[in-house]
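Subject: Structure handover and notes on salt bridges

Hello,

Here is the structure we talked about passing on. Please look through it alongside the notes underneath.

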Amino acid sequence: MKNENIVSALLFCLVALVTLGSSKAALGEKQKDVSPRDFQATLKLRPLAVEFFDFYQNLTLMALSSVETTAEQDNRCLEDIQIVLQGLSSDSQWALQMIDSWGSLPSGVLVGNRRDLGNYEECLSIDHSVNSSYSLQGKYCFAKISTISVNTAVCFPASCTSTQMDTMIRSVVEKLLNVVIDEDEVVVNEATCQTAEQEPLDGATIFTIVLLSILTVACCLSTLYDYNLCEDQKQLPTLVKVFSVRANSRALFHIVDSKSNPNVINCLNGMRCLSLMWVILLHEYLVGFRVPNVNRNQAYAWLGTPFSKIITNGVYAVDTFLFVSGLLVVANGLRAIEKSKGKINVLMMYLHRYLRLTPVLAVAILIYMKILPLLGGGPIFSSALPDDYNVCEKTWYWTLLYVQNYATDTLCLTHTWYLAVDMQLYLFGPLFLIVLYKWGNKGAAGIFVLMLLLASCLFSKMIIYNLSMNIPEAQRSLYHYTNSRTSPYIVGALFGYFLHINRGRTFMLNRITVFLGWILSLSLIFTCLFANYESATMTIIEEAFYLTLIRIAWPLGLSWIVFACLQGYGGMATGFLSSPLWQPLSKLSYSGYIFHMFMMSLQAGVTRTNTFFGNYQIMCRFWADFGFTMVMAYVIYVLVEAPFGVLESLLLPTRRPTPKDKPNAVPESKTSMSPIAAEVVESVTNKPEQTDTVNPALPADATAEISSK
């Protein structure tokens with residue numbers, strides 16, 4: 001009776017092979033419906049388990065004759081299968097594990113459940129010693145047949161290649177269903193197969209581990225010295241200041257009181273942090289579509305809900321970053337130029353910015369590429385990852401040059417396209433500063449005309465080349481190219497100029513004006529969010545108008561919010577966006593943006609069972625990923641970002657502020673989501689022989705300063 005039960009278990013797993021298929025997990029790409037005929041035909045196969053067993057029992061080399069492998073490989077695979085059958089007949093635990101780890105026909109196929117992950121660990125844990133020189137190990141793979149588009153896990157001896165498994169499964173299907181699978185269709189792909197054997201660490205992985213270890217040791221030793229051997233922080237040695245976690249954490253959690261420094265725009269901290277959270281939430285939903293869901297059909301139906309537009313339009317958070325970046329570059333830069341009487345060191349501006357941004361990005365590339373595979377593994381680790389980080393080996397240098405959005409189609413760390421756009425727009429920062437400083441309002445009018453011309457180019461390009469937002473191939477041109485994303489940055493720059501020329505001025509507005517201002521601002525924001533609710537039915541002209549105008553409307557809506565908060569008309573918005581709690585998070589937002597995909601990739605990659613797609617479930621994953629992202633951002637901040645930022649300020653010359661113009665708070669730094677807008681304060685002046693008197697061990701505060709003088 002035991003043997004019959006074992007055989008039945010084996011046969012049931014083999015039956016599942018007939019129900020396999022492929023599924024597409026990309027957002028918005030719906031799977032084909034299962035026909036009732038195919039579904040019912042699959043169900044009728046379950047009583048035919050005996051035929052599966054007979055076929056499996058009588059498997060010979062003839063079944064593998066079409067596979068281009070050596071005779072030794074064929075014999076080894078067949079011998080191991082026979083050993084498995086012998087183990088089943090003797091109730092061996094390891095043999096039962098191999099069969100028990102298989103997936104089966106998942107329940108809920110008709111509502112989108114198209115994948116059964118089986119038991120990943122159970123398969124890979126098989127290590128049966130056949131003799132003193134050979135052990136039979138398990139090999140976990142996914143197999144598919146397009147009958148009803150279902151994937152299921154299979155576990156074979158590790159000696160069997162994917163092509164051998166492919167041939168065996170094809171033979172089974174041809175016998176039972178009297179069908180022939182297309183030769184071009186891959187039933188078992190080697191890319192889906194995994195074994196317990198680990199590849200040895202390569203040179204780049206060892207280098208990454210050593211680099212992180214050195215930074216960790218330096219921080220630990222400096223922190224111990226700081227705590228135990230130094231009573232006066234002012235006497236702390238320079239090198240200890242650079243790596244001391246205590247000193248860098250003190251700067252990180254230092255709260256700037258807006259009452260003592262009226263030049264600080266505290267509401268920008270809230271904008272940055274909320275925008276970062278919006279981006280992470282959007283990516284959380286994207287990853288949620290990639291993992292196996294038991295209700296995938298409901299997930300696609302979610303795309304038609306109004307709430308989905310709030311999530312999927314998280315791309316506007318990038319426009320917020322660009323708006324803030326343009327605002328800070330112009331507002332801080334004009335103040336610095338006025339103090340230096342028109343002198344500007346353009347090369348020093350660029351060098352400061354590059355050296356502040358690049359260390360974190362370079363370390364991130366190494367961690368994504370070499371450390372992430374060591375931390376996790378699972379049945380869908382490769383398919384669930386948002387990016388193929390292996391491409392970094394070929395395109396990493398484009399990322400470090402900040403030209404990846406133009407130079408290559410295979411981006412290393414796809415979400416860093418924003419850094420390339422922001423860096424390329426920053427190259428025009430000195431030009432904007434010179435134009436606004438020399439020609440004032442006329443220069444602002446010229447920049448405004450430039451924005452309209454670039455917006456017209458985007459509109460014309462969409463019409464001429466029929467570029468639709470619904471076409472994936474058009475995404476790079478419409479979203480990643482800098483010339484398509486200039487409007488928010490220029491609106492921010494012009495608004496920064498407005499704040500600069502009106503510094504110290506109080507606008508007395510009546511309630512009706514304030515009310516109309518908020519109505520107009522919120523109308524622009526909600527129009528941007530919901531105007532594309534029926535985007536599938538938009539004509540190309542409607543899409544062109546929409547995409548061109550919303551990139552101007554969105555930053556205009558934000559401009560009123562910033563203005564209202566500064567002038568005391570923000571009400572609850574001012575209290576919320578200007579909360580001191582946002583300041584530390586704002587300083588961590590750059591590292592948080594770089595590494596948030598790391599935490600998502602890790603959590604998605606280690607998935608072991610099917611999940612349920614729902615707003616509550618995604619929110620739970622979001623808060624978990626966001627919390628771990630902030631923890632990792634803090635670690636990267638104290639290990640890389642703050643130390644290299646301080647080293648950069650020590651090695652490169654910056655101007656020494658005089659007592660007359662020295663700000664009440666330390667200058668803006670790159671620790672914001674919109675990277676390093678106010679490096680202009682340090683580097684625009686042409687006095688390289690002098691050094692900054694600001695304590696170099698304390699990274700600059702992530703707040704914007706607008707002079708009231």
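The notes below cover the salt bridges and then one residue with its contacts. Please keep in mind that this is a predicted model.

Salt bridges

Searching the whole structure gives 13 salt bridges. Three of them are described here one by one, followed by a network.

Arg485 and Asp319 form a salt bridge through their side chains, with an N to O distance of 2.8 Å. The two residues come from distant parts of the chain, 166 residues apart. Asp319 belongs to helix 14 (residues 316-339), while Arg485 sits in the loop between helix 21 (475-480) and helix 22 (486-501). Both Arg485 and Asp319 are buried.

Helix 14 also takes part in a second pair, through Glu338. The partner is Arg503, in the loop between helix 22 and helix 23 (511-530), so this salt bridge ties together parts that are 165 residues apart in sequence. The N to O distance between the side chains of Glu338 and Arg503 is 3.0 Å. Glu338 has a relative accessible area of 36% and is therefore partly exposed. Arg503 is partly exposed as well, at 23% relative accessibility; the cut-off for buried is under 20%.

The third pair is Arg356 with Glu648, whose side chains meet in a salt bridge at 2.3 Å, N to O. Arg356 lies in helix 15 (residues 346-375) and Glu648 in helix 28 (residues 615-651), so the pair ties together parts that are 292 residues apart in sequence. Both Arg356 and Glu648 are buried.

Besides these pairs, Arg76, Glu79 and Asp80 are joined into one network by salt bridges that share partners.

Met600

Is Met600 buried or exposed? Its relative accessible area is 0%, so Met600 counts as buried. The residue is part of helix 27 (residues 589-605).

Which residues does Met600 touch, leaving aside those up to four places away in sequence? They are Ile280, His283, Glu284, Val287 and Asp625. For one of these contacts, Glu284, there is also a backbone distance: the C-alpha atoms of Met600 and Glu284 are separated by 7.1 Å. Along the chain, Met600 and Glu284 are 316 residues apart.

Regards

How values were computed. Residues are numbered from 1 along each chain as its sequence is written. This is a predicted model: local features need pLDDT of at least 70, side-chain atom pairs count only at pLDDT 80 or more; totals for chains, interfaces and linings use all residues. Side-chain values use heavy atoms; hydrogens and water are left out. A salt bridge is a side-chain nitrogen of Lys or Arg within 4 Å of a carboxyl oxygen of Asp or Glu. Helices (H or I, at least four residues) and strands (E, at least two) are DSSP runs, numbered from the N terminus. Buried means under 20% relative accessible area, exposed over 50%, partly exposed in between (1.4 Å probe, protein chains only). Contact means heavy atoms within 4.5 Å.
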